[in-house]
Amino acid sequence: QVHLMESGGGLVQAGGSLRLSCAASGSIGNINVVGWYRQNPGKQRELVAVFTTSGNRIIANSVKGRFTISRDVTKNTVSLQMNSLKPEDTGVYYCKAQLRSEYGGSYDDYWGQGSQVTVSS
């Protein structure tokens, strides 16, 4: 069983910073893709920043230059540093990992519990 535990988030004024962290635990083999998505009520979940299979970063245009994704492969953690936050960054942020068990098998998607980020104007 795999579990993703998120921490961070909260309420901040526009222009402020927050940091999200996500730690994966359990039977973890290879991690294919890992990163962050966000969602607002009535809208689809959207990609914010991820590491691809090859280790490259994909960053949404709306957050480029303000958000930084980082990871520690030895600890199975991924973080999102969010600077110069804007009200439109408000949403529930989800950590996602596409991985397979240490015993092999298929790659499956796992999600964190979600972290509320609220940016006031």
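The exercises below, each with a worked solution, concern a predicted model of a protein chain.

**Exercise 1. Overall fold and dimensions**

Determine which secondary-structure elements the chain has, and decide whether its radius of gyration agrees with or departs from that of a compact globule.

Solution.
1. The assignment yields zero helices and eleven strands. Read from the N terminus, the order of elements is therefore β-β-β-β-β-β-β-β-β-β-β.
2. For 121 residues, the globule rule predicts a radius of gyration near 14 Å. The chain has 14 Å, so the value agrees with that of a compact globule.
3. The C-alpha trace spans about 50 × 25 × 25 Å along its principal axes.

**Exercise 2. Burial, surface and contacts**

State what share of the residues is buried, how much accessible surface the chain has, and what percentage of the contacts between residues at least 6 apart joins residues at least 24 apart.

Solution.
1. A residue counts as buried under 20% relative accessible area. Of the 121 residues in the chain, 39% are buried.
2. The accessible surface comes to about 6,500 Å². Carbon and sulfur atoms account for 47% of that surface.
3. Among contacts between residues at least 6 apart in sequence, 56% join residues at least 24 apart.

**Exercise 3. The aromatic pairs**

Find how many aromatic pairs there are, classify the geometry of Tyr37 and Trp111, and identify which residues the ring pairs link into a cluster.

Solution.
1. Two ring centres must lie within 6.5 Å to form a pair, and planes over 60 degrees apart make it edge-to-face. The count under this rule is two aromatic pairs.
2. The ring centres of Tyr37 and Trp111 are 5.3 Å apart and the planes stand at 70°, so this pair is edge-to-face. It links distant parts of the chain, with Tyr37 in strand β4 (residues 31-39) and Trp111 in strand β10 (residues 104-111), 74 residues apart.
3. Tyr37 has 15% relative accessibility and therefore counts as buried. Trp111, with a relative accessible area of 35%, is partly exposed.
4. Tyr94 and Trp111 form an edge-to-face pair, 6.3 Å centre to centre with 85° between the planes. Here Tyr94 in strand β9 is joined to Trp111 in strand β10, 17 residues apart. Tyr94 counts as buried because its relative accessibility is 16%.
5. The ring pairs thus link Tyr37, Tyr94 and Trp111 into a cluster.

**Exercise 4. Charges over rings**

Establish over which ring faces Arg45 and Arg71 lie.

Solution.
1. One criterion is that CZ of Arg be within 6 Å of the ring centre.
2. Arg45 lies over the face of Tyr94, 3.7 Å from the ring centre. Tyr94 is also a member of the aromatic cluster with Tyr37 and Trp111.
3. Arg71 lies over the face of Phe51, at 5.3 Å from the ring centre.

**Exercise 5. Positive phi angles**

For Asn76 and Ser84, give the value of phi; then locate Asn76 and Ser84 in the chain and assign an exposure class to Asn76 and to Ser84.

Solution.
1. Asn76 has phi near 55°, a positive value in a residue other than glycine. Asn76 is placed in the loop between β7 (67-72) and β8 (77-82). Its relative accessible area is 26%, so Asn76 is partly exposed.
2. Ser84, which is likewise not glycine, has a positive phi near 50°. Ser84 sits in the loop between β8 and β9 (91-101). Because its relative accessibility is 40%, Ser84 counts as partly exposed.

Methods:
Residues are numbered from 1 along each chain as its sequence is written. This is a predicted model: local features need pLDDT of at least 70, side-chain atom pairs count only at pLDDT 80 or more; totals for chains, interfaces and linings use all residues. Side-chain values use heavy atoms; hydrogens and water are left out. Helices (H or I, at least four residues) and strands (E, at least two) are DSSP runs, numbered from the N terminus. Buried means under 20% relative accessible area, exposed over 50%, partly exposed in between (1.4 Å probe, protein chains only). Rings of Phe, Tyr and Trp (its six-membered ring) pair if their centres lie within 6.5 Å; planes under 30 degrees apart count as stacked, over 60 as edge-to-face and the rest as tilted. A charge sits over a ring if NZ of Lys or CZ of Arg is within 6 Å of the ring centre and within 35 degrees of the ring normal. The radius of gyration is taken over C-alpha atoms; the globule rule is 2.2 Å times the number of residues to the power 0.38. Contact means heavy atoms within 4.5 Å. Accessible areas come from the Shrake-Rupley method with a 1.4 Å probe; for residues, only the protein chains shown count as cover.
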